[in-house]
Amino acid sequence: MLKPNGTGVGRIIKAAKCSMQGFAASWKFESAFRQETVLALLSVPVAAWLATSVSQFALLVSVWCLVLVVELLNSAIESLTDRVSLERHELSGRAKDMGSAAVFVSLVIVALVWGAAIYERFF
């Protein structure tokens, strides 16, 4: 059975290309993704200064990566919902609200992890 995206290294290259297209589309069309990406990048040197261990540094950076993952998924849900129909519908609104709630939860995780690191460093 032939796979439409190929196999082996060819499939990996095609998947990487699709991923780059996804990043580019998110950067171009999603202001929240741009803002969160800039915050994530700016947080790396702060995390390096704040962290008391390599593990803590990895955690501080990883929680921002989690935000970006959730934002990408939220943007995908919103795009697909708009593709299906732009008219107001209860289920479309619910899907978008749930995606937004997921982003909010990921940002709460950032606040908790960074708050704990700040507390450990200074108190």
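Reader: Hi! How much area does the protein chain expose, and what share of it do carbon and sulfur atoms supply?
Author: Hello! This is a predicted model, and its protein chain exposes about 8,900 Å². Carbon and sulfur atoms supply 69% of that area.

Reader: Thanks! And what about secondary structure: how many helices and strands are there?
Author: The protein chain has four helices and zero strands. Read from the N terminus, the order of elements is α-α-α-α.

Reader: Is the chain spread out or compact, going by its radius of gyration?
Author: Spread out: the radius of gyration is 18 Å, well over the 14 Å that the globule rule gives for 123 residues, so the chain is more spread out than a compact globule. Along the principal axes, the C-alpha atoms fill a box of roughly 55 × 45 × 25 Å.

Reader: What percentage of the residues count as buried, then?
Author: Of the 123 residues, 24% count as buried.

Reader: Good to know. Which buried residue could we look at in helix α2?
Author: Try Phe-33, which sits in helix α2. Phe-33 counts as buried because its relative accessibility is 4%, under the 20% cut-off.

Reader: What does Phe-33 touch, leaving out residues up to four places away in sequence?
Author: Phe-33 touches Phe-23, Ser-26, Trp-27, Leu-68, Glu-71 and Leu-72.

Reader: Let's follow Ser-26. Where is it, and is it buried or exposed?
Author: Ser-26 belongs to helix α1, which covers residues 8-29. With a relative accessible area of 9%, Ser-26 is buried. Setting aside neighbours within four places in sequence, Ser-26 is in contact with Phe-33 and Leu-72.

Reader: Back to Phe-33 for a second: how far is its C-alpha atom from that of Ala-76?
Author: Those two C-alpha atoms are separated by 12 Å, and the residues lie 43 apart along the chain.

Reader: And over the chain, what share of contacts between residues at least 6 apart in sequence join residues at least 24 apart?
Author: That share is 66%.

Reader: New topic, the surface! Which residues make the nonpolar patch?
Author: Val-46, Trp-49, Ile-118, Tyr-119, Phe-122 and Phe-123 make a nonpolar surface patch of about 710 Å².

Reader: Which helices supply at least two residues each?
Author: Those are α2, residues 31-50, and α4, residues 90-122. Helix α4 gives the largest share of the patch, three residues.

Reader: Last one: where does Tyr-119 lie, and why does it count as exposed?
Author: Tyr-119 lies in helix α4. Tyr-119 counts as exposed because its relative accessibility is 54%, and the cut-off for exposed is over 50%.

Terms used:
Residues are numbered from 1 along each chain as its sequence is written. This is a predicted model: local features need pLDDT of at least 70, side-chain atom pairs count only at pLDDT 80 or more; totals for chains, interfaces and linings use all residues. Side-chain values use heavy atoms; hydrogens and water are left out. Patches are made of residues with over 30% relative accessible area and no salt bridge: like charges are joined within 9 Å, nonpolar side chains (Val, Leu, Ile, Met, Phe, Trp, Tyr) within 5 Å. Accessible areas come from the Shrake-Rupley method with a 1.4 Å probe; for residues, only the protein chains shown count as cover. A salt bridge is a side-chain nitrogen of Lys or Arg within 4 Å of a carboxyl oxygen of Asp or Glu. Buried means under 20% relative accessible area, exposed over 50%, partly exposed in between (1.4 Å probe, protein chains only). The radius of gyration is taken over C-alpha atoms; the globule rule is 2.2 Å times the number of residues to the power 0.38. Contact means heavy atoms within 4.5 Å.
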